[in-house]
Amino acid sequence: MFKEIKNKFLRYTTILVYFVIIFFCAIELNFLWLFGYSPTMDEIRNPSLSVASEVYYSDGKLIGRYYKENRSPVEFKNISVNLVDALVATEDVRFYRHSGVDFYGFFTSVLSTAKGDRRGASTITQQLAKNLFETRKKKSQGLFRHIPVISTVVYKCKEWLTAFEIEHVYSKPQILALYFNTVPFGNNTFGIKAASLKYFNRAPDSVSEAQAATLIGMLKATSTYNPIRNPEKSLERRNTVLGQMEKYGYVTRAHYAKDIKQPLGLDLSYVEDESQGDSYLRDAVEKWLDKWCKQNGYDLYEDGLKIYTTIDSRLQQYAEEAVAEKMKMLQKRFYDLWGNKIPWRDLSGNIIPDFVQKAEQHLPVYRLLEKKYNGDTVQIKQYFERKKRMKIFSWHGDRDTTMSSTDSIKYYAKILNTGMITIEPSTGKIKVWVGGIDHRYFHYDHVNQSKRQAGSTFKPFAYVTALDNGFTPCDKFTDKPVSINFVDNGKPDVWSPQNADFHFSYMDMSLRWAMGKSVNSITAQVTEKVGWDKIVQYAHKCGIESPLKSVPSVSLGTNDVSVYEMARAYSTFLNHGERIDPILVSKILDQDGNTVAEFKLKKERVLSEETAWLMLYMFRGGMEEPGGTSQALWEYPGLWKKDNQIGGKTGTSSKYVDGWYMGITKDLVTGIWVGCDDRTVHFTSSETGEGSHTALPIFGAFMQKVYADPQSGYTYGMFPKPWVKITKEYDCPSPRIDTGVTVDDSLAMPRDTAGIKIPDEGQNPENKPTEQLKEH
């Protein structure tokens with residue numbers, strides 16, 4: 001039909017127009033799925049910024065949501081003209097003269113790029129199309145996305161079409177309002193209201209020309225021009241924006257000259273109150289799903305997923321209650337112990353003079369202050385010592401007070417924290433996750449982020465190595481001094497561990513008795529027999545992933561590990577010798593209710609069933625053997641009905657810095673750590689700070705609540721009977737010995753000197769204890 005047009009120019013022009021029309025229709029219709037999704041007119045009239053994903057307990061109770069928390073829509077009338085002028089002058093100077101696509105700008109941009117001066121040509125409306133309808137995301141692209149040049153042409157044309165449709169539906173002020181409400185400003189901040197409050201503590205209708213230029217300048221690259229992280233680049237970019245505003249008549253020459261001389265003038269005092277269910281558990285789920293989301297093209301904050309975790313709401317509640325009850329008591333004990341004395345001490349008990357200063361230097365604001373005051377430490381110190389209103393954590397409820405930043409550092413350094421996890425090994429499901437005492441004030445997760453010395457909770461890896469390599473629970477060793485020669489970093493060394501009470505009984509003890517009582521000397525002998533390299537190997541086999549330094553003291557817990565790793569490794573014993581990959585999320589549904597993912601248990605045999613069962617028998621020794629370190633659990637009568645059995649291991653690191661308890665029932669494994677976040681702040685004696693007095697009570701209170709609830713699904717009962725024929729001797733009762741003293745689970749002082757006197761400020765302790773790992 002085109003041949004009927006005699007004029008060649010007109011004919012080819014008609015063919016081109018016809019082709020363009022067909023091409024754009026094909027894009028709009030997503031012909032043969034080649035072009036991908038395009039928004040409909042109905043979607044353009046009723047845009048959805050994002051759909052929140054929701055995370056649930058295993059029983060369907062809501063835990064929290066994920067969405068763009070910092071987005072708070074604002075009307076055009078509440079947006080400062082300075083912001084509008086800065087945006088138009090910088091991003092789209094012909095905004096009021098085009099209908100969505102600036103062809104003049106597009107062709108000049110192509111020419112500039114050809115000359116080596118690359119420039120963007122997207123209008124504000126096109127950028128809105130991209131932000132609002134995600135036209136460049138994978139799920140919005142068709143089969144042509146695999147062809148580099150064509151894919152670029154397609155998404156550019158798609159943006160043009162969408163921009164024209166937006167201009168058809170909305171007025172220019174409405175388009176600007178939509179743009180300001182959808183544009184990202186970095187740091188999980190979306191929309192102009194959140195950004196103006198975050199960076200200047202001002203509503204968007206009251207920002208100055210310079211502040212508007214700073215905010216609009218960020219849009220080019222939110223990380224590069226972030227005024228907190230890169231103030232110099234942000235200042236340079238702000239002045240560029242001001243230059244554009246002056247160039248196009250939005251500010252006078254005099255105002256421009258004045259504004260470029262001003263500092264950024266950030267005001268970071270605004271505190272958001274939009275947690276939307278923030279918790280350690282919610283954060284843990286987000287981290288757990290990070291890889292899955294990237295692999296499958298989902299955005300947790302926009303795609304409306306429904307995520308079902310393995311966490312039991314009842315058990316989680318009981319764990320949080322137990323933590324609150326016992327940590328409140330422990331905090332009072334800590335305050336009573338130290339009183340008004342300074343608790344941050346070095347290994348010799350001396351006050352660390354620059355403790356607060358170093359803590360200040362680690363704060364994000366310190367770098368900003370250094371640049372603001374040109375490194376003037378006097379002014380920086382004045383800033384930290386300036387009193388201000390703030391809300392602080394306390395076990396008696398949030399407290400409004402007036403306090404300097406320095407006082408705040410000192411206050412929080414004395415706060416004890418905890419991490420707790422419970423796993424059901426048979427299914428691999430994580431049932432409890434308590435990352436700390438209060439997520440609002442302490443974001444650091446002490447379950448899987450924090451790693452601390454495990455103390456004697458690491459000893460079972462020495463004993464499982466022995467049992468799996470020819471030893472039996474009844475094999476006997478003598479509790480006596482031992483010295484082990486070894487080479488550390490090419491240098492010869494000797495390790496001579498002490499027992500917790502600095503006393504050797506010279507008694508013969510079975511391995512079960514020695515592990516139950518947590519005897520350092522016998523653990524050291526076992527380590528020497530089986531080899532510390534092999535103990536490291538077995539710890540990794542069972543589930544420890546952190547690097548472990550292979551030295552003789554490894555069996556006494558000198559390496560840093562997480563509570564998560566320890567619970568996973570202990571689960572291997574209850575799970576017939578099969579190591580598990582714990583499951584935190586069971587399934588995920590999309591916003592239409594379709595199941596998009598289900599997570600199943602992955603396990604691998606790393607121990608024989610005989611060795612695994614013998615280890616469970618060994619763990620019961622903490623309750624059953626003379627002087628067993630778990631026997632403080634007898635103080636919880638709700639644990640001991642219907643012949644119930646519990647196994648476990650306490651642990652305390654050197655100087656009572658870390659208190660641990662690993663508890664095992666017939667169904668569950670629970671790991672608990674207690675301590676201060678800074679290792680120089682800690683208890684001072686076995687009576688106050690060892691694991692049996694800090695972490696174990698949390699386990700006792702927790703399991704007592706679980707057993708008291710018939711709806712919990714967990715009942716009293718004995719440990720499982722042997723899964724296979726046991727070929728090794730294990731039934732060798734120890735003699736009943738009345739020692740008349742409580743067994744320690746740390747390498748502390750003898751009983752008559754265990755309560756170390758706290759020296760006055762500036763005074764050295766009269767008797768410095770020998771520095772070595774405090775174990776059991």
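**Exercise 1.** Determine whether Cys676 and Cys542 are buried or exposed in this predicted model.

*Solution.* Step 1: recall the classes, in which buried means under 20% relative accessible area, exposed means over 50%, and partly exposed lies in between (1.4 Å probe, protein chains only). Step 2: Cys676 has 1% relative accessibility, so Cys676 counts as buried. Step 3: Cys542 has 0% relative accessibility and therefore also counts as buried.

The model is predicted, so local features need pLDDT of at least 70 and side-chain atom pairs count only at pLDDT 80 or more, whereas totals for chains, interfaces and linings use all residues. Residues are numbered from 1 along each chain as its sequence is written, and side-chain values use heavy atoms, with hydrogens and water left out.

**Exercise 2.** State which cysteines form a disulfide, and describe the handedness and placement of the bond.

*Solution.* Step 1: a disulfide is a pair of cysteine sulfur atoms within 2.5 Å. Step 2: the structure holds 1 disulfide, formed by Cys474 and Cys732 with their sulfur atoms 2.1 Å apart. Step 3: the torsion about the S-S bond of Cys474 and Cys732 is about -100 degrees, so the disulfide is left-handed. Step 4: Cys474 lies in the loop between α18 (460-467) and β9 (476-478), and Cys732 in the segment after α27 (696-708), so the pair ties together parts that are 258 residues apart in sequence. Helices (H or I, at least four residues) and strands (E, at least two) are DSSP runs, numbered from the N terminus. Step 5: both Cys474 and Cys732 are buried.

**Exercise 3.** Describe the surroundings of Thr123 and Thr611.

*Solution.* Step 1: Thr123 is found in the loop between α4 (103-114) and α5 (124-133), while Thr611 lies in helix α23 (residues 609-619). Step 2: Thr123 is buried because its relative accessibility is 1%; Thr611, with a relative accessible area of 3%, is therefore buried too. Step 3: contact means heavy atoms within 4.5 Å. Not counting residues up to four places away in sequence, Thr123 touches Asp92, His98, Gly100, Val101 and Asp102. With neighbours within four places likewise left aside, Thr611 is in contact with Val464, Leu467 and Asp468. Step 4: a polar contact is a pair of N or O atoms within 3.5 Å; within protein, one must be able to donate a hydrogen and the other to accept it, and residues adjacent in sequence count only if both atoms are side-chain atoms. A polar atom of the Thr123 side chain lies 2.7 Å from the backbone oxygen of Gly100. The side chains of Thr611 and Asp468 are joined by a polar contact of 2.7 Å.

**Exercise 4.** Identify the residues with the most contacts inside the largest nonpolar core, and the helix that gives the most to this core.

*Solution.* Step 1: a nonpolar core is a set of buried Ala, Val, Leu, Ile, Met, Phe, Trp, Tyr and Cys residues joined through side-chain atoms within 4.5 Å. Step 2: the largest has 130 residues, and those with the most contacts inside it are Ile307, Trp433, Phe458, Phe461, Met566, Phe573 and Phe702. Step 3: helix α13 (residues 313-338) gives the most to this core, with 9 residues. Step 4: a second, separate core of 39 residues includes Ile124, Ala195, Ala213 and Leu242.

**Exercise 5.** State how many helices and strands the chain has, and what percentage of its residues is buried.

*Solution.* Step 1: the chain comes to 27 helices and 20 strands. Step 2: of its 776 residues, 53% are buried.
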